[in-house]
Amino acid sequence: MLLETADLQSGYGKVRIIQGVDLTVHEGEILAVIGRNGVGKTTLMETLIGAIQPMDGRVTFKGREITRLSPSKRARLGIGYVPQGRGMFTRMSVVDNLRMGERVGGRDRAANYARVFNFFPRLQERQTQKAGLLSGGEQQQLAIGRVLVGHPELILLDEPSEGIQPSIVQSIGQTITKLCDEEGLTVILVEQNLDLIHQCAHRCVVIDKGTVVAQLTMEELQDPEVARRYLAI
């Protein structure tokens, strides 16, 4: 396995949001994390990347415990994070935003801009443009590209479809699938868009009240009653 959590607990101040999450993520897998708004999905992602320090439990990456490592050290180990809202430096150019991800996966290998531009040709066309002038879909491509310019082994994607038109969402789903199939990357995807989940995920875990309450196959998630039960749609 690539990443594992055991009894992971975290939150803000004295308030526990994540309450005993056990996850196992295998190399080359796309794991979707779903659940209603406010159940702890983003808190889980921020805990995995180290932006929030756990209150209890353990995080292991490639057999090494990383529970107390900083986000920068986790990034150098090969964990890339694409936050909800994209986290763009809007006054910086596209290429300067991409440079921010060069050290994901360590310093011993050259940044791979060719890979980014192969997946997202639009970014190559707009290298010198300020990121704040890009469309929502282009900004999401830039956020993913910023991680890809380094050498990630695991990518954490938080709500990549948010505020993006359906055709771009489909394109992002195709990119996620290619990253897994062609480059062996592993992805944890927090998402509410069931079409995107069905397009690219291998399996799905459901978070409710800060803990994993179900593990679903894609076939099970296609049942409207199952989707309604866990997502209230």
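Rings of Phe, Tyr and Trp, the last taken by its six-membered ring, count as a pair if their centres lie within 6.5 Å. By this rule, the predicted model holds one aromatic pair. The partners are Tyr113 and Phe117. Their ring centres lie 6.4 Å apart, and the planes meet at 40 degrees. The pair is therefore classed as tilted, since planes under 30 degrees apart would count as stacked and those over 60 as edge-to-face.

Both residues belong to helix H4, which spans residues 113–119. They are four residues apart, so about one helical turn separates them. An α-helix has 3.6 residues a turn, so residues three or four places apart point the same way. Tyr113 and Phe117 are both buried.

Helix H6 covers residues 136–148. From first C-alpha to last, its 13 residues reach 19 Å. This is close to the 18 Å expected at 1.5 Å a residue. Twelve of the 13 residues are buried, so H6 is largely enclosed by the rest of the structure. Among the buried residues are Glu138, Arg146 and three glutamines, Gln139, Gln140 and Gln141. Leu142, Ile144, Val147 and Leu148 are also buried. The buried residues of H6 pack against two strands, E6 (79–82) and E7 (154–158). They also pack against helices H3 (94–99), H4, H5 (121–125) and H7.

Helix H7 runs over residues 166–183 and includes Thr175. Thr175 counts as buried because its relative accessibility is 6%, and the cut-off for buried is under 20%. Leaving aside residues up to four places away in sequence, Thr175 touches Phe119 and Phe120.

Notes: Residues are numbered from 1 along each chain as its sequence is written. This is a predicted model: local features need pLDDT of at least 70, side-chain atom pairs count only at pLDDT 80 or more; totals for chains, interfaces and linings use all residues. Side-chain values use heavy atoms; hydrogens and water are left out. Buried means under 20% relative accessible area, exposed over 50%, partly exposed in between (1.4 Å probe, protein chains only). Contact means heavy atoms within 4.5 Å. The expected span of a helix is 1.5 Å times one less than its number of residues.
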